[in-house]
Amino acid sequence: MSISTKVLSANHLGKDVVSSDGSLSILHDICFDIFSGESIAITGASGSGKSTLLGLLAGLDLPSNGHVDLMGQNLSELDEDGRAKLRGLHVGFVFQSFQLLPHLTALENVMLPAELNGLENAKEQALNWLKKVGLNERAKHFPRTLSGGEQQRVALARAFITQPEILFADEPTGSLDEASGNRVIELLFELNQANNSTLILVTHDPALASRCQHQLRLQGGRLL
């Protein structure tokens with residue numbers, strides 16, 4: 001996929017939620033395009049709408065206004081199953097809280113998306129990705145026996161096993177100490193470059209944001 005291919009568009013996105021105090025506007029009239037191979041940091045103060053925007057871009061939630069085009073598909077025109085299928089084919093995720101399944105080993109956690117996508121040699125590929133993140137010796141360990149940094153590296157292997165065109169990362173180092181966080185950042189950019197994925201990263205860390213080619217800064221739900 002060439003750098004000129006548009007993989008994601010935000011078209012006049014708005015998000016309102018109803019609370020006991022009435023309707024609250026979280027995002028207002030957000031517009032931008034993202035092209036294949038780009039790395040984008042979404043930054044802003046806490047409560048500026050960063051994670052809400054990421055959820056809309058990935059089709060985990062739907063906007064109140066406007067729409068998102070992901071890989072040429074209008075997400076608002078798809079039902080939940082359709083959006084999940086599109087994500088399975090094109091998208092990987094890394095979350096602040098790792099989101100590993102506690103009853104599965106590191107190997108089984110990494111294998112899961114590959115098996116769901118019907119990829120052949122899921123176990124072989126999962127072992128290969130664990131090796132890339134330096135955890136092949138820990139393949140049979142359960143998440144509770146791994147450090148935070150190790151769990152996040154398992155999450156990276158899981159995100160990349162399907163070789164996604166787009167990787168969404170939500171505060172990927174937010175719950176890690178500095179040394180573990182730095183290792184995860186290096187791996188994230190290294191794997192992303194090798195995979196030629198588009199990286200969309202939510203972070204409040206200026207150093208991490210500066211590693212990306214572009215920054216989208218939110219303030220009070222609006223794009224600056």
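How many of the 13 residues of helix 5 are buried? The answer is 12, so to speak of helix 5 as mostly covered is fair, given that buried here means under 20% relative accessible area. Keep in mind that this is a predicted model.

**Helix 5 and its neighbours**

Helix 5 covers residues 148-160. From its first C-alpha to its last it reaches 19 Å, which is close to the 18 Å expected at 1.5 Å a residue. The buried stretch takes in Gly149, Glu150, Gln151, Gln152, Arg153 and Val154, and carries on with Ala155, Leu156, Ala157, Arg158, Ala159 and Phe160.

What do these buried residues pack against? Three of the partners are helices: helix 3 (106-116), helix 4 (122-132) and helix 6 (178-195). The others are strand 6 (91-95) and strand 7 (166-170).

**Two pockets**

Helix 5 also turns up in the lining of the largest pocket, where it gives two or more residues. Here is how the two pockets look side by side.

| Pocket | Volume | Lining residues | Nonpolar | Polar | Charged |
|---|---|---|---|---|---|
| Largest pocket | About 510 Å³ | 19 residues | 11 residues | six residues | two residues |
| Second largest pocket | About 210 Å³ | 15 residues | four residues | six residues | five residues |

Let's take the largest pocket, with about 510 Å³ of space. The lining residues closest to its centre are Val91, Phe93, Pro113, Leu116 and Arg158. Besides helix 5, the elements that give two or more residues to this lining are helix 2 (80-90), strand 6 and helix 3. Arg158 is worth a look on screen: it is one of the buried residues of helix 5, and it is also among the lining residues closest to the centre of the largest pocket.

Now for the second largest pocket, at about 210 Å³. Nearest its centre lie Thr173, Asn182, Ile185, Asp205 and Leu208. Two elements, helix 6 and helix 7 (206-210), each give two or more residues to its lining. Which of the elements gives the most? That's helix 6, with four residues. Helix 6 is also one of the elements that the buried residues of helix 5 pack against.

**The four-stranded sheet**

Elsewhere in the chain there is an open sheet of four strands, in the order 2-1-4-5, with antiparallel pairing. Its edge strands are strand 2 (22-35) and strand 5 (73-74), and each of them pairs on one side only. As a bit of background, strands of a sheet pair through backbone hydrogen bonds, either parallel or antiparallel.

Start with strand 1 (residues 6-19), which is joined to strand 2 by 10 bridges. A hairpin of two residues connects strand 1 to strand 2. Among the bridge partners, Val18 goes with Ser23 of strand 2, and Val17 goes with Leu24 of strand 2.

Strand 1 also runs antiparallel to strand 4 (residues 65-70), and five bridges join them. In this pairing, Ala10 stands opposite Val68 of strand 4.

The last pair is strand 4 with strand 5, antiparallel over two bridges. Leu70 stands opposite Gln73 of strand 5. Where does a positive phi show up in the hairpin of strand 4 and strand 5? Look at Met71, which takes a phi near 50 degrees in that hairpin, where two residues sit between the strands.

Notes:
Residues are numbered from 1 along each chain as its sequence is written. This is a predicted model: local features need pLDDT of at least 70, side-chain atom pairs count only at pLDDT 80 or more; totals for chains, interfaces and linings use all residues. Side-chain values use heavy atoms; hydrogens and water are left out. The expected span of a helix is 1.5 Å times one less than its number of residues. Buried means under 20% relative accessible area, exposed over 50%, partly exposed in between (1.4 Å probe, protein chains only). Contact means heavy atoms within 4.5 Å. On a 1 Å grid over the protein atoms alone, a cavity is a set of points where a 1.4 Å probe fits but cannot get out, and a pocket is an open set with protein on both sides within 12 Å along at least five of seven lines; lining residues have an atom within 4 Å of a point. Grid points are joined across faces, edges and corners, and a volume is the space filled by probe spheres set on the points. Ala, Val, Leu, Ile, Met, Phe, Trp, Tyr, Cys and Pro count as nonpolar, Asp, Glu, Lys and Arg as charged, and the others, Gly among them, as polar. Two strands pair if DSSP finds at least two bridges between them.
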